[in-house]
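Please find below a short note on the model under review. The points are set out by site.

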Amino acid sequence: MFRELEVDKLIDEKFPKSRDHKVSHANCILAMVLNGLGFVGQPLYLCPEYFKNVSVGRLFGNGIQKEDLNQYVIGDTLDKIAEYGPTELFTEIVLHILKRLPIPILCCHADTTTISFHGNHDGDEDEDSKLITFGRPKNGRWDLKQLVLNMIVNQHGIPLFMSTHAGNASDKKIIVEAIESLKSSLTPEKKVYYIADSAFYSDDNIKKMDKSYWISRVPNTLNEVKELTASNRDMKPLKEDERYSFSQTFVEYAGIMQNWVLLLSHNLKGKKEVTLSKSFDKKVKEAEKDLNKLKSKHFFCEADALEGAKNWIKDFPFLKFEKLDLKTIKKRESGKRGRPAKDEKLLTYYSVDAEIKLNEAHIDQKMEKAGLFVLGSNDLSLLPQEMLAKYKEQDRVEKGFRFLKSDTFSVSKVYLKNKGRIQALMMVMVLCLMIYSIAEWKLREQIKEDNESVSDQKGKPTKRPTMRWIFFKFQGITELFTQEEGEIVAEVLNMEEFHWKVLGLLGEEYENIYL
């Protein structure tokens, strides 16, 4: 795939080999991609270890030895990428591929993730050194510094844009910057929707989109959304997907007329109701402890005690008093000890004696809102079922992040220190995902066109195999070298019908590698 799309030629053109290394920068990047797609649980920058048991000559040419794929070559290539600009190089690769392969672009899904880093990082206190810093982690590792990886994929999960940012960068800002950069590069023939989560939705971002079509989840924090979810609107079942009900409305926000769809996910509602129920049970226990503190307070008059109870219950809207009484307490003047005299005047105080229970009306209101969310778009002609279907494909970019951060891919933990190389490595990571996604899309399209199928993990025919499964099936392929009449003869072993069928679907160039 890498050579079929002539990615190697583009890289050689951009980075002509200037040192005595036998391995070109294109082959070095290819080596890292092959390492990444080998699913061996080994970091990309340690790929020399990966090629100890791989036929290097068959992949890179007879003049290349395993020893040539060393860390010095890898480091030199990463430096070249960093010097050129990882985002700039990736964008040129995308445009290069789009000229050679008719990849459809109907939706562009934008999102961000965080990559954690271990150890110290060199560099002076300049802008580059601020790349790796503490921020809001999406993996819960508050103890680790991080950077933010920004990515946009098409409806098939094929990456079209990537960029790296400081670990404390704002999603609201960098997502729209990524979309604007991609818009300036693409010249789509059909209508394209730019799709993002609620982090994208703001006055400024919506205005920046100008005439481009977008779909986004509208934040629940907006007053307009709170009013919409609180209103008793007539929710209609979505015929195309009975798991949802909807109500469509048109609103003007940020000076732009928008198509809003209030959706109720019945599956999500059930899950949220269980979560809310557990949450309220926990809050009741915490409130009971706090109530004991209120009971221990002494007030000078009944009015103060009742006011104290009234103010306390305001902090717990999910509760109400099942019982509320006052107790009278007689005490000696401050500082006096012992038993009071018979005619001694005592001070009178009041304390709260109360019991609490759940406020069913509040709970019912919360349960009723569970599973409700609002999608918005500036395409007023977009039908509710179309908007939901396109937004649900947002998991394409999320699956891409899970791919990059999986244990088998082994990029969830990065130990490199040089920041330029780190950014270059991020580009190679996304390039791995791009090659993987294109190969998967191409194989599935060819299977569909030829009305074919391949066997899945259970031995049943499937028209939508994953490349992870395909790569797994090819892991047992080895190469045997024998000497016949003074000549070295190479033979590929363990090839089965499954392997030849997959190679035949991908094309002659793929078959030739194994001949």
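The numbered points below concern two buried positions and two surface patches in a predicted model.

1. Ser351 belongs to strand β10, which spans residues 347-358. Its relative accessibility is 3%, so Ser351 counts as buried, the cut-off being under 20%. Leaving aside residues up to four places away in sequence, Ser351 touches Lys295, Lys297 and His298, and also Asp325, Leu326, Lys327 and Ile329.

2. Met426 is located in helix α15, residues 419-450. Because its relative accessibility is 0%, Met426 counts as buried. The C-alpha atom of Met426 is separated by 8.7 Å from that of Met162, although the two residues are 264 residues apart along the chain.

3. A patch of positive charge on the surface is made up of Lys226, Lys283, Lys366 and Lys369. Among these residues, Lys366 is found in helix α12, which covers residues 360-369. With a relative accessible area of 41%, Lys366 is partly exposed; the category lies between the limits of 20% and 50%.

4. A nonpolar patch on the surface is formed by Phe250, Met257 and Leu380, which together have about 280 Å² of accessible area. One of its members, Phe250, lies in strand β7, residues 244-253. Phe250 counts as partly exposed because its relative accessibility is 45%.

5. In reviewing the model, the two settings may be read side by side. Ser351 and Met426 are both buried, whereas Lys366 and Phe250 are partly exposed.

Conventions: Residues numbered from 1 in each chain as written. Predicted model: local features only at pLDDT ≥ 70, side-chain atom pairs only at ≥ 80, totals over all residues. Heavy atoms only, no water. Helix = DSSP H or I, 4+ residues; strand = E, 2+ residues; numbered from the N terminus. Buried < 20%, exposed > 50% of the residue type's maximum accessible area, 1.4 Å probe, protein only. Contact = heavy atoms within 4.5 Å. Patch = residues over 30% accessible without salt bridge, like charges linked within 9 Å, V, L, I, M, F, W, Y side chains within 5 Å. Areas by Shrake-Rupley, 256 points an atom, 1.4 Å probe, with all protein chains shown as cover. Salt bridge = Lys/Arg side-chain N within 4 Å of Asp/Glu carboxyl O. Lys, Arg positive; Asp, Glu negative; His and termini not counted. Charge placed at Lys NZ, Arg CZ, Asp CG, Glu CD.
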